[in-house]
Amino acid sequence: MATQESPSPRSYARSTEVFARARDLMPGGVNSPVRAYKAVGRDPVVVRQGKGCRVTDVDGNEYIDYVGSYGPLILGHCPAQVTVALSKAVAKGTSFGMPTEAENALAEMVIAAVPSIELVRFVNSGTEATMSAIRLARAATSRDLIIKCTGCYHGHSDSLLVQAGSGATTLGTPSSPGIPPSVTSHTILVPYNDLAATAQAFGSFPGKIAAILIEPIAGNMGCVPPQTGYLQGLRELCDRHGALLIFDEVMTGFRVAYGGAQQLYGIRPDLTCLGKIVGGGLPCAAYGGRQDLMRKMAPDGPVYQAGTLSGNPLAMAAGLAMLQSLKDSVAYQTLEQSSALLAEGLTQAAAKAKVPVSCQRVGSMICVFFSPKPIANYEQALSCDTKAFTAFFNTMLAHGVMLPPSQYETWFVSLAHDAQAIAQTIAAAAAAFQAAAKKH
Ligand SMILES: *Cc1c(COP(=O)(O)O)cnc(C)c1O
C-alpha cells in the first residue's frame, strides 16, 4: 500500500489541547527538551499508544515510528516477550532495595554479550552510567581531565554537557547555565574522527588525562560513523598515555550488533556504558568493564555510586526478555536488510527530487543529512540545511511517518518495521524531498 501524493489533512486538535495544558504544568510542556519539536517549528503530537512499528496519537492519527523512544525499542512497541515478562514481574513487587535473582540473570547476559565487561553495575539512566564511569576513570588514574568530542552526547551531567549535540545543538545551548566553568574546565573537546587533534590534546596535558569518553558511532549529531582506524587509533593513544578508553554504547549497545560497536569494530575499551536497549524500554542503564577497575566501586572499593531504584526488578525483567529475543537470533541480519532497503530508497527519492543529501547509516541507526557532502564531525553537521530538514520532517509527519524532530537525531529501525512499512516510508519520502527541494 503506497501513500498517496497528498494525504487527507489530519486533525491535531486533541494534541494541541493536551500540549497547551502540559505547557502550564511542565517547562516547555515536556520532560525532555527535544520532545517539544522546537527545531521543526510546530507543536508535538501527543502519543496515545504504540504497537509494532506504529504509534497512534491522541487524535487517532497513525504513524510509522522511527523515534523508537530514541533507541530502546529495537523490537518495536509492546513486543509480547517483554510485556509478558513485565506482567509476571509486576505481580511479584515493583522494588525492594534488596538483591534479587533477576539482577544476576541480566548481569550474566550483559557480561556474556560484551567481552570487555567483566563486572557490571546497573543504574537508571545513560546519564548516570557515563557520570559514574568518568568518576571511576578519574579515581583509577588519579587524573582529572577527560577528553570528549564536540557533538557527542553523554547525558546531561555537569562535566559532560559541553558541546553536546542532540537536544543541546537543536536548542542552541551547547553548554548550559548553572554549570561552573571550573567543572567543564576538566573536559577537553576535540573534533570527532580527528586523531591528530586527540594526540595533540595528550601532548598538551602530559600525565593529566584520565580517559577518552567516546560514542563509538556518533548518534547524537545525526548518525556519524567512525572513520577506518579512528577507534583503533584512540585505543593506541590511551595505551601510550596511560589513559582509559570509555565507550559510551548507551545507543549502540545491542543496537548495531549484540555485542555493540566494540564487537562490530573489534576494539576493546576499558569501560563501557550501556542504556536504552539494555532496559527493554524501562528506565535502566549500566556501566562495566575491567575487573580491576570495577572492583574500585563501593562497596568493594572507595569510589561511591548508589541508586534506590538501581537494578529495579521490572527493568531487569524487561531487559532480560529483550536480550533473550536478540541473542542467537537473525535479528541483526534482518535489521541490516530492512535498514539498507530504507537507506537505498531514501537516497533514490532524494536524487529524484534533486535534493543533495548524505544518507548515513550503521545497521539500524540511520539519518538523512541535508548536505551535499558526507558528514564526519560536528562542525560539518552544523552546515546542514535545517530548513530543508524541517520541510521534510513536516511532510513526512503529514504522510504518517514519525521521525525524530531534529536534523541532529538518529532514526531507529526496529524488527517490527516490515517491508510494507519501509515501502510506505520511501513513498512518503518522495513527497517530502519535493517539499524539502522548495526550501533548499
Ligand atoms: C541517550 C544517550 C545518553 C543518555 O542516556 P539517558 O538515559 O537519556 O540519560 C548517553 N549517551 C548516549 C550515547 C546516548 O545516546
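## Domains, helix packing and enclosed spaces

The C-alpha centres of domain 1 and domain 2 lie 26 Å apart in this predicted model. The domain assignment places residues 13-65 and 329-439 of the protein chain in domain 1, and residues 80-326 in domain 2. Between them, 28 residues of domain 1 are in contact with 31 residues of domain 2.

Two helix pairs are described next. Two packed helices are described by the angle between their axes and the distance between the axes. The table gives these values.

| Helix pair | Angle | Axes | Crossing |
|---|---|---|---|
| H14 (residues 386-398) and H15 (residues 419-439) | roughly 145° | within 8 Å | right-handed |
| H3 (101-113) and H11 (residues 313-326) | about 35° | 9 Å apart | left-handed |

In the pair H14 and H15, helix H14 contributes Lys-387, Ala-388, Ala-391, Phe-392, Thr-395 and Met-396 to the contact. Helix H15 contributes Thr-425, Ala-428, Ala-429, Ala-431, Ala-432, Phe-433, Ala-435, Ala-436 and Lys-439. By class, this contact of H14 with H15 holds 11 nonpolar, 2 polar and 2 charged residues.

In the pair H3 and H11, the residues of H3 that meet H11 are Ala-102, Glu-103, Ala-105, Leu-106, Met-109 and Val-110. On the H11 side they meet Met-316, Gly-319, Leu-320, Leu-323 and Gln-324. The contact of H3 with H11 divides into 8 nonpolar, 2 polar and 1 charged residues.

Helix H3 also takes part in a pocket. The second largest pocket has a volume of about 500 Å³. It is lined by 21 residues, and the closest to its centre are Pro-99, Glu-103, Arg-121, Ser-310 and Gly-311. Glu-103 thus appears both in this list and among the H3 residues that meet H11. The elements that give two or more residues to the lining of this pocket are helix H3 and strand E4 (119-123). By class, the lining has 9 nonpolar, 10 polar and 2 charged residues.

Closed spaces are also present. The count comes to 2 cavities of 30 Å³ or more, and the largest cavity has a volume of about 40 Å³. Which residues line the largest cavity? Its lining consists of Gly-52, Cys-53, Asp-65, Gly-68, Leu-73, Gly-76, His-77, Phe-412, Ser-414 and His-417. These divide into 3 nonpolar, 6 polar and 1 charged residues.

Methods: Residues numbered from 1 in each chain as written. Predicted model: local features only at pLDDT ≥ 70, side-chain atom pairs only at ≥ 80, totals over all residues. Heavy atoms only, no water. Axes fitted to C-alpha atoms, helices over the stretch in contact; angles between N-to-C directions. Helix = DSSP H or I, 4+ residues; strand = E, 2+ residues; numbered from the N terminus. Left-handed = near helix turned anticlockwise from the far one by under 90°. Contact = heavy atoms within 4.5 Å. Nonpolar A, V, L, I, M, F, W, Y, C, P; charged D, E, K, R; others polar. 1 Å grid on protein atoms, 1.4 Å probe; cavity = no way out; pocket = protein on both sides within 12 Å on 5 of 7 lines; lining within 4 Å. Points joined across faces, edges and corners; volume = space filled by probe spheres on them. Domains from an automatic or database assignment.
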